[in-house]
Amino acid sequence: MYYVTELQSRPDGIINSTITARSSLAMGLALYYQRAAVAVSTTDYLEVALTLQDQHGNILKNEAFETQYVPAE
């Protein structure tokens, strides 16, 4: 099994978290890159951090993405 963890940093200081399991590395990578593509274009969060790891806890990919968030004036 492979797991994608997503941490979404909200402007109010709260961090949303999700963990999604996939049965193969290919499916795990597909989800990781799909979530990365969404992360860089979102205006809802300040930053999004993604981690892809296997069932043994080995981290295969780990990256934080700046978003398109613009503070309200």
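This report walks through the fold, the nonpolar core, an aromatic pair and a few loop residues of one small protein model.

Keep in mind that this is a predicted model. The protein has one helix and four strands, and along the sequence they come in the order β-β-α-β-β. If you draw a box along the principal axes, the C-alpha atoms fill roughly 45 × 20 × 15 Å. Of the 73 residues, 26% count as buried.

How much of the contact map is long-range? Taking contacts with a separation of 6 or more, 50% are between residues 24 or more positions apart. On the outside, the protein exposes about 4,700 Å², and carbon and sulfur atoms supply 53% of that area. As for charge, there are 4 positive and 8 negative side chains, with the centres of the two sets 9 Å apart.

**The core**

Now for the inside. The largest nonpolar core has 10 residues: Val 4, Leu 31, Tyr 32, Ala 36, Ala 39, Tyr 45, Val 48, Leu 50, Leu 52 and Phe 65. Helix H1 and strand E3 (47–54) each supply at least two residues of this core, and the largest share, four residues, comes from H1.

Val 4 is a handy core member to click on. Leaving aside neighbours within four places in sequence, Val 4 is in contact with Thr 18, Ile 19, Thr 20, Gly 28, Leu 31, Tyr 32, Leu 50, Thr 51 and Leu 52. Among those partners, Leu 31, Tyr 32, Leu 50 and Leu 52 are listed in the core alongside Val 4.

**Two tyrosines and an alanine**

The model has one aromatic pair. The ring centres of Tyr 32 and Tyr 33 are 5.4 Å apart and the planes stand at 90°, so this pair counts as edge-to-face; the cut-off for that label is over 60 degrees. Are these two rings' residues buried or exposed? Tyr 32 has 1% relative accessibility, so Tyr 32 counts as buried. Tyr 33 has 45%, so Tyr 33 counts as partly exposed.

Ala 30 is found in helix H1 (residues 25–41). With 43% relative accessibility, Ala 30 counts as partly exposed. Its C-alpha atom is 14 Å from that of Asp 54, which is 24 residues away along the chain.

**Two loop residues that meet**

Arg 10 is in the loop between strand E1 (2–9) and strand E2 (15–22), while Leu 46 is in the loop between H1 and E3. Arg 10 is partly exposed, with a relative accessible area of 27%, and Leu 46 is also partly exposed, at 41%.

Which residues does Arg 10 touch, not counting residues up to four places away in sequence? They are Asn 16, Tyr 45 and Leu 46. Leu 46, again leaving aside neighbours within four places, is in contact with Ser 9, Arg 10, Pro 11, Glu 66, Thr 67 and Tyr 69. One of the Arg 10 partners, Tyr 45, is a member of the largest nonpolar core.

Here are the C-alpha separations for three pairs that you can check on screen.

| Pair | Positions apart along the chain | C-alpha separation |
|---|---|---|
| Ala 30 and Asp 54 | 24 residues | 14 Å |
| Arg 10 and Tyr 69 | 59 residues | 9.7 Å |
| Leu 46 and Gln 8 | 38 residues | 7.6 Å |

Note on methods
Residues numbered from 1 in each chain as written. Predicted model: local features only at pLDDT ≥ 70, side-chain atom pairs only at ≥ 80, totals over all residues. Heavy atoms only, no water. Phe/Tyr/Trp six-rings, centres within 6.5 Å; stacked < 30°, edge-to-face > 60°. Buried < 20%, exposed > 50% of the residue type's maximum accessible area, 1.4 Å probe, protein only. Contact = heavy atoms within 4.5 Å. Areas by Shrake-Rupley, 256 points an atom, 1.4 Å probe, with all protein chains shown as cover. Lys, Arg positive; Asp, Glu negative; His and termini not counted. Charge placed at Lys NZ, Arg CZ, Asp CG, Glu CD. Core = buried A, V, L, I, M, F, W, Y, C linked by side-chain atoms within 4.5 Å.
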